Amino acid sequence: MANTETSTCTPDRDTASASPPPLGPFASLVPLNRDARERFSSAVQTILDNPDQWERARNNLRWEHNRHESVSTNSVFSDAEDVAQETTVYAHPAYIGEYLFQLDHPPRQGAWILGDGRGSFRTDVDFLLTAPHTSRAIAGRHALIYHDKRTRRLLLRANHKVIAPSPSNPGTSIMLNRKSDPQTMELVRRHELRIGTCTYLFDYTDAATSTQYSVRLGDFMRKIYGEQWQGINSLTPGLLSVTPDEQSMRFGKYSWPIGAFAEGTFGQVVAGTTISGEAIAVKRLKFPNGNDLAKIQKVMAHLQGHPHIVQLLDCFANSDAKIPEAYCFYRPFCIGTLIDVYRANIPLQSFIRLTHQYFAALAYMHEERHTMHRDIKPSNLGVQHLEPSHGVLLDLDDAIAAESSTDHQKGTIAYLSPEVVAMKDPSLKIEFSTKWGVEFTESYGPENDNWALAMSIYHVYFRKIHRTLTTPQLVEFIREDIQRESEANSSFAPLGDVLLALLVVDRSQRMSASMVARELLLVLEAGQKRGISEASDNNEDTSAKMLSSRP
């Protein structure tokens with residue numbers, strides 16, 4: 001989204017004293033998940049309504065009108081009448097865009113201040129993350145980003161809670177705030193940041209590697225800190241105001257703030273931290289039950305050790321309290337889910353790698369641990385890192401250590417396989433049997449997970465979501481959709497072939513998770529041999545595969 005082109009003109013002697021040519025942004029901060037995009041849109045509206053009051057914030061934004069302010073799933077599934085009757089219109093933010101780091105518009109105090117600019121902070125904010133007073137999770141001056149005076153590296157300093165992957169300890173995330181140790185973190189390429197309920201993607205542009213950037217940065221640093229700026233090691237005081245610590249809860253070596261950022265059917269999830277500073281996920285069960293807690297512990301212990309399955313660290317329950325409560329502590333903390341990644345401009349190769357990791361995790365569950373997940377959907381497909389891609393299966397509360405189940409109440413409507421739909425709706429059972437000649441039983445197996453994961457991949461890639469039971473007409477529509485994309489897009493075709501081999505009504509004909517994992521691994525290896533980079537798509541074949549360009 002950012003324009004990374006820089007001027008290559010060299011001033012002659014007569015014009016050498018003139019203002020340098022514009023450098024353009026050297027880095028950007030892109031709103032990634034739905035909350036971040038909605039907050040961004042509200043910030044743009046605030047700036048447009050009061051341009052004189054938000055001049056600094058306005059200079060650091062690039063935005064445009066969202067061409068898809070609302071999407072109706074009627075148009076997506078118009079050939080399935082019973083589906084169309086129950087579809088919904090979803091609102092999208094009015095504005096989309098990104099925050100820009102620019103030396104052409106340098107920060108007044110030597111650092112870019114992020115926050116909502118409430119009260120007296122209005123004139124200080126460089127990145128208005130949301131309209132003032134619209135989010136308790138984003139403070140007036142929430143954090144700042146600045147160049148280190150000695151190394152010139154770009155650092156993030158948090159005054160309130162910010163969660164990010166640890167650059168020095170891959171595979172873990174850390175929580176920063178004004179009382180944490182360390183309080184600052186170096187920002188690297190494609191670095192995900194979690195601020196309140198919002199996820200952002202930080203990345204450098206090509207301008208950051210130019211000679212012009214180095215020269216302009218030196219001029220900027222000398223202007224802020226004087227000729228001796230390289231010898232100064234401390235941060236200029238007073239850039240952030242001191243605010244009272246947020247209320248938090250603690251259990252043993254774990255602590256977490258009061259207030260959920262994600263809501264599930266049976267629990268709330270908040271970001272917590274260990275005493276060592278590692279970010280973790282803390283889940284509070286809404287309706288704690290001793291038997292349920294014991295089941296979760298048993299299943300999670302059964303699945304310990306796989307790198308792409310969330311791990312249970314600990315749990316406790318207090319059933320004697322006036323309001324019974326139960327908490328489970330998990331690692332790793334995921335910065336987002338698969339529903340978020342299509343906003344991150346990730347290449348198709350990275351998307352396939354995430355898909356491979358999810359199926360590898362399912363293969364481990366099904367074939368080595370003989371366990372079914374039973375609630376696969378995009379929001380349960382975690383993304384810990386975008387680069388390198390690292391996906392994690394989340395929310396195993398409905399998992400069962402068995403190879404078959406008769407409980408058709410588990411799972412989410414849109415991702416139920418035909419064999420589960422047949423158990424729920426006798427009329428659809430007849431339709432499926434008549435059209436495909438399939439005999440259904442009163443149970444389902446791990447093939448249901450494979451169907452749900454394939455449907456999740458379809459929904460995210462094509463950006464098409466239905467909220468009803470799967471029908472024969474819908475299956476035909478989805479398969480035709482995949483076939484059209486495969487014919488038009490040769491790089492998608494291998495993934496399309498896998499989806500078509502999974503989205504079949506007869507579960508005995510579906511590929512197993514291990515077969516899918518092997519197929520996708522071959523696709524990834526072939527991509528590497530062709531020189532396809534996960535960092536960018538520069539060749540003609542892959543340039544159209546960026547997920548952000550999907551309709």
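In what follows, the axis of a helix is a line fitted to its C-alpha atoms over the stretch in contact, and the angle between two axes is taken between their N-to-C directions, from 0 to 180 degrees. The model described here is a predicted one, and the description centres on helix α11, its neighbouring helices and a cavity that is lined in part by residues of that region.

Helix α11, which spans residues 447-462, and helix α13, which spans residues 493-502, have axes that come within 9 Å and cross at roughly 140°. Angles over 145 degrees count as roughly antiparallel, and α11 and α13 are therefore described as oblique to each other. The crossing of α11 past α13 is left-handed. On the side of α11 the contact is formed by Asn 450, Trp 451, Ala 454 and Ile 457, while α13 contributes Leu 495, Leu 499 and Leu 502. Sorted by character, the residues of this contact comprise six nonpolar and one polar, with no charged residue among them.

A second partner of α11 is helix α8, formed by residues 348-368, and the axes of these two helices come within 11 Å and cross at roughly 165°. Because of this angle, α8 is roughly antiparallel to α11, and α8 passes α11 in a right-handed crossing. The residues of α8 that make the contact are Leu 348, Phe 351, Thr 355, Tyr 358, Phe 359, Leu 362 and His 366, and they meet Asp 449, Asn 450, Leu 453, Ala 454, Ile 457, Val 460 and Tyr 461 of α11. This contact divides into 10 nonpolar, three polar and one charged residue. Asn 450, Ala 454 and Ile 457 of α11, listed here in the contact with α8, are also listed in the contact with α13.

The third partner is helix α12, residues 472-488, whose axis comes within 12 Å of that of α11 and crosses it at roughly 60°. This angle makes α11 oblique to α12, and α11 passes α12 in a left-handed crossing. From α11 the contact takes in Trp 451, Met 455, Tyr 458, Tyr 461 and Phe 462, and from α12 it takes in Val 475, Phe 477, Ile 478, Asp 481, Ile 482 and Glu 485. Nine of these residues are nonpolar and two are charged, whereas none is polar.

The structure also holds three cavities of 30 Å³ or more. The second largest cavity contains about 50 Å³ of space, and its lining is made up of Arg 374, Asp 375, Ile 376, Gly 411, Thr 412, Tyr 415, Leu 416, Asn 448, Asp 449 and Ala 452. In this lining four residues are nonpolar, three are polar and three are charged. Asp 449, named in this lining, is also one of the α11 residues in the contact with α8.

Two features of the backbone may be added. Most residues other than glycine have a negative phi, and most peptide bonds are trans. His 370, although not a glycine, has a positive phi of about 50°, and this residue is placed in the loop between α8 and β23 (381-385). Arg 331 and Pro 332 are joined by a cis peptide bond, with omega at about 0°, and Pro 332 lies in the loop between β21 (325-331) and β22 (336-337).

Definitions and conventions: Residues are numbered from 1 along each chain as its sequence is written. This is a predicted model: local features need pLDDT of at least 70, side-chain atom pairs count only at pLDDT 80 or more; totals for chains, interfaces and linings use all residues. Side-chain values use heavy atoms; hydrogens and water are left out. Helices (H or I, at least four residues) and strands (E, at least two) are DSSP runs, numbered from the N terminus. Angles under 35 degrees count as roughly parallel, over 145 as roughly antiparallel, 65 to 115 as roughly perpendicular and the rest as oblique. A crossing is left-handed if the near helix is turned anticlockwise from the far one by less than a right angle, and right-handed if clockwise. Contact means heavy atoms within 4.5 Å. Ala, Val, Leu, Ile, Met, Phe, Trp, Tyr, Cys and Pro count as nonpolar, Asp, Glu, Lys and Arg as charged, and the others, Gly among them, as polar. On a 1 Å grid over the protein atoms alone, a cavity is a set of points where a 1.4 Å probe fits but cannot get out, and a pocket is an open set with protein on both sides within 12 Å along at least five of seven lines; lining residues have an atom within 4 Å of a point. Grid points are joined across faces, edges and corners, and a volume is the space filled by probe spheres set on the points.
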